[in-house]
Amino acid sequence: MEPKRIKLDREKSPFPINRLFDEILEEVFTHLQPKDQLTCRQVCHLWNELLCRDGRLLKKSVGIHLHIDSTIQIDAEHPLVAILKENPALKVRKLTIDAELFSTDHGMVPKLQELEQYFVQFEKTNDSITEVIVIFTPYQNLAMFEIIFTLLNILKHVKILRLRISDMEAGLQSNLIPFPQKWNESKWESVEEVYFSFNEWNSHVYQNYLNFCSKFPNLRVISGIDNFNQAFYQKFQKQIKYIFVSYQHLTQIIESNLQIQLKSIYIFGDDYPNNTENIWNFINNNQRSLEKVSLDIDNPFHFEDPEGIFGTARGPIPHRNYDKVKWLKFHLPLRNEQSHQLHQDLKLFKNVVKLQMYLTIFEDCFFGHEALSLPNLESVEFIVRRNDLIKINCSECFNALIESFRQIKEFHLCLPVSIDDVKFIGQTLTNLENLKIVKFGVENENNFYDKWPLMENVKDIVIPFKTDLNEANVVEKFCDACPNLKVLRIMELDTLNEKIGQVFLDKLKQLEMIKLDNDTYMVQVEGDQRNSTDIIAFFFEFH
């Protein structure tokens, strides 16, 4: 069902400002900054239409992201074309295109004529597109590059080019591609930045993209390359800014003595070198432009290696500088004193912004009994694996864990919790905006959601289903506790009872989406106010 659009009746508007003449409103809008204009566009249909129909009002920094994907029929007009005609001030600034739509035989044969014909309908806005995202199948071949070749010849002002594969789990497959003569004769001076979002780069991939990137004479940034290739790094050492590397390949980069200055680096794997002193010297002293280090560690307590990931089998060396580490992710079995060692080691990462811990615990204590001070932390994912764990046995560990994350905005917890634990989360993590709780304790707590604590700032929540969510009065209490929810995700539930759905809509005035295991329901608001008599019309199945 397509969303309905109802224009505001100016005479009956409850807002006096909307009774002003359009010319007066337009004059007000001309004095606003682009960010404020975007906010005004969300106020009501009238303001959105006033801002979008006149190029004098809509600043150049405001644009549309055009998607051409599997939901689009390439033999029909794109739905956005009509909107662009109605609102000539709007411009397409960003394009995401699924290359498989314009190819056959699983991406092996390009349909270039169809691609060129399809973009005729966007002829008036093609020159405004400055960023292109191309999604393609994991198997790279000449067809994919031919599609990019055609796109760059249609879109003359692309500055940013992003390449992604459709299935990251499948891994990248590529042969050495013999580029035709037209590639040798072509260059695109507008392209300044190229971003790759795939891994498993082999020698053929590097050779293909060495040829590809050589076609952009004004290239300033190359981001997302995986591991190390001497020829590619030698050619683009000034452009490479963001890399994914194992410890072995990072050591090779250091030993190559290239004049590379990174902005961000993602280090992964368990191929720890015998001495990590060179790595941290490279990160802290050589890379002066480096802003972010992401560490993806597989078992820091690596007993087969006497040095370990941080240069010691017990974890980080206290005198080393880990200030550039902004994202820390590790998989770790906790035995005996290791939980206390983990607690001590985390103190060294005082600038970490995102923390992901995947723990296998063998003792009741799993974290430590003192809260940490991690002042820059914003997001935490805490996953515990233990088949026989049915509840938290060490409340001191749990309380210290939660208090350590006091200022975070996003929390994903996979650890059996009681309603009292949830209450402690609500009382302590007052800045939370996104919360995901995967497991509740198996003790007989049937009345879970009517005791839910106040979480005024939470906008996106994921919770497991409990039977008390079938009771309207319980749902009302839950909604009162989370009054500003925009997205509600309920696990272990396939369908939503109509009566309960109506309660959610009546109580949660900002609700935009309800996601279940098998269905997603979108909430649409028509006009400036929600009318409970139209509540059933606000729900429709979304695919």
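Is phenylalanine 149 buried or exposed, and what is its relative accessible area? In this predicted model, phenylalanine 149 is buried, with a relative accessible area of 8%, a value that falls under the 20% limit applied to buried residues.

Aromatic contacts were examined next, and the count comes to 45 aromatic pairs. Among them is the pair formed by phenylalanine 149 and tryptophan 188, which is edge-to-face, with 5.4 Å from centre to centre and 85° between the planes. Because phenylalanine 149 belongs to helix α6 (residues 142–154), whereas tryptophan 188 is placed in the loop between α7 (181–184) and β9 (193–197), this pair ties together parts that are 39 residues apart in sequence. Tryptophan 188 is buried, its relative accessible area being 7%.

A further pair is made by phenylalanine 179 and tryptophan 183, whose ring centres are 5.1 Å apart and whose planes stand at 70°, so that this pair is edge-to-face; the assignment follows because planes over 60 degrees apart are counted in that class. Phenylalanine 179 counts as buried at 16% relative accessibility, and tryptophan 183 counts as buried at 1%.

Charged side chains also meet aromatic rings in the model. The ring of phenylalanine 149, already described as a partner of tryptophan 188, has the charged end of lysine 182 sitting over it, 4.5 Å from the ring centre. In another such contact, the charged end of arginine 162 sits over the ring of tyrosine 195, at 4.2 Å from the centre of that ring.

How values were computed: Residues numbered from 1 in each chain as written. Predicted model: local features only at pLDDT ≥ 70, side-chain atom pairs only at ≥ 80, totals over all residues. Heavy atoms only, no water. Phe/Tyr/Trp six-rings, centres within 6.5 Å; stacked < 30°, edge-to-face > 60°. Helix = DSSP H or I, 4+ residues; strand = E, 2+ residues; numbered from the N terminus. Buried < 20%, exposed > 50% of the residue type's maximum accessible area, 1.4 Å probe, protein only. Lys NZ or Arg CZ within 6 Å of the ring centre and 35° of its normal.
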